[in-house]
Amino acid sequence: PTPVSVHGRAVNMRGEPIGDVNVTVMGHDLLGPARSDGDGRFELQYYPSDAGKRWNSASGDPSLHVEDDDWITIRPSCVELTNQEREHVVVAAPVQSIEGRVQDSGGAPIEGAKISLSPQSEAFRGFPFALDMARWINISCLSDADGRLSLERFPVASGLRLSVFAEGLIAQSVNLDLVAWPLVIELERPDETGQSMLEGVVLD
């Protein structure tokens, strides 16, 4: 297959360049290593894993990621037939490990609570680059039998929010700029707050 050439820049959540990090295309073979320069700029070539399905959305579009021990990608850029010649912007953040606990209002651990990371509405306000080609990456985990949460790679940046869900309990949304670590999240039951619960199914 003919190699695909793409270029762009690696930046943090404030739009500042991230230099000297590897940039890769998930699920595809690079022709050679691609490393960002001092301005965060990179250029790479890769072979599509399946030339016949290269732009078939069912097989998944290629996406650009920062791959580094000290950084974690939070907004990869998706390469499509219509944008492969545009400048791609890959957003990453410094990485850390986190621990926490999910419990009910009585202090009992909650097993199987799901936490997921999302940006606050103002997180990218004033961001200096267009992010129309970028998507939000899924970072999540489940609490264990003791209610403990643990993630080895978690982004360190302002403007992030953690959503916590558990069956039969009222979901909680936590502003990570305002919390202390290790994180303790309390979920309440509807009968404790007088709120009603509505169950349903979400479809595409």
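Begin by selecting aspartate 20, which is found in the loop between β1 and β2; strands, like helices, are DSSP runs numbered from the N terminus (E, at least two residues, for strands; H or I, at least four, for helices). Although aspartate 20 is not a glycine, its phi is positive, at about 60 degrees.

The model is a predicted one, in which local features need pLDDT of at least 70 and side-chain atom pairs count only at pLDDT 80 or more, while totals for chains, interfaces and linings use all residues. Residues are numbered from 1 along each chain as its sequence is written, and side-chain values use heavy atoms, with hydrogens and water left out.

**Asparagine 12**

Remain in the loop between β1 (4-11) and β2, and select asparagine 12. Asparagine 12 is buried, with a relative accessible area of 10%; buried means under 20% relative accessible area, exposed over 50%, and partly exposed in between (1.4 Å probe, protein chains only). Next, display the backbone nitrogen of arginine 14, which lies 2.9 Å from a polar atom of the asparagine 12 side chain. A polar contact is a pair of N or O atoms within 3.5 Å; within protein, one must be able to donate a hydrogen and the other to accept it, and residues adjacent in sequence count only if both atoms are side-chain atoms. Which residues are in contact with asparagine 12, leaving aside its neighbours within four places in sequence? They are Ile18, Trp71, Val91, Ala92 and Phe127, where contact means heavy atoms within 4.5 Å.

**The sheet β2-β5-β7**

Select the three strands of the open sheet, whose order is β2-β5-β7 and whose pairing is antiparallel. Two strands pair if DSSP finds at least two bridges between them. Because β2 (22-25) and β7 (77-78) stand at the edges and each has a single partner strand, one side of each is left without a neighbour in the sheet. Between β2 and β5 (residues 63-67), the antiparallel pairing extends over 4 bridges. Label valine 23 and look across to valine 66 in β5, which stands opposite.

**Aromatic pairs**

Now display the aromatic rings, among which there are 3 pairs. Rings of Phe, Tyr and Trp (its six-membered ring) pair if their centres lie within 6.5 Å; planes under 30 degrees apart count as stacked, over 60 as edge-to-face and the rest as tilted. Phenylalanine 124 and phenylalanine 127 form an edge-to-face pair, 5.4 Å centre to centre and with 80 degrees between the planes. Both residues are buried, phenylalanine 124 at 17% relative accessible area and phenylalanine 127 at 13%. Adding Phe129 to the selection shows the cluster of Phe124, Phe127 and Phe129, linked by ring pairs.

What sits over the ring of phenylalanine 124? The charged end of arginine 75 does, 5.3 Å from the ring centre; the criterion is NZ of Lys or CZ of Arg within 6 Å of the ring centre and within 35 degrees of the ring normal.

Move on to phenylalanine 154 and tryptophan 181, whose ring centres are 6.4 Å apart and whose planes stand at 65 degrees, so this pair is edge-to-face. Phenylalanine 154 lies in strand β11 (residues 148-155) and tryptophan 181 in the loop between β13 (172-175) and β14 (183-187), so the pair ties together parts 27 residues apart in sequence. Phenylalanine 154 is buried at 2% relative accessible area, whereas tryptophan 181 is partly exposed at 37%. Extend the selection to proline 182, in the loop between β13 and β14: the peptide bond from tryptophan 181 to proline 182 is cis, with omega near 0 degrees.

**Salt bridges**

Finally, display the charged side chains; the whole structure holds 8 salt bridges, each a side-chain nitrogen of Lys or Arg within 4 Å of a carboxyl oxygen of Asp or Glu.

- Select arginine 9 and glutamate 87, with closest N and O atoms 3.3 Å apart. The pair links distant parts of the chain, arginine 9 in strand β1 and glutamate 87 in strand β8 (residues 87-104), 78 residues apart. Arginine 9 is buried at 14% relative accessible area, and glutamate 87 is partly exposed at 29%.
- Select glutamate 16 and arginine 14, where the corresponding distance is 2.9 Å. Glutamate 16 is partly exposed at 36%, and arginine 14 is exposed at 60%.
- Select aspartate 132 and arginine 86, whose closest N and O atoms are 3.0 Å apart. Aspartate 132 lies in the loop between β9 (114-119) and β10 (140-142) and arginine 86 in the loop between β7 and β8, so the pair ties together parts 46 residues apart in sequence.
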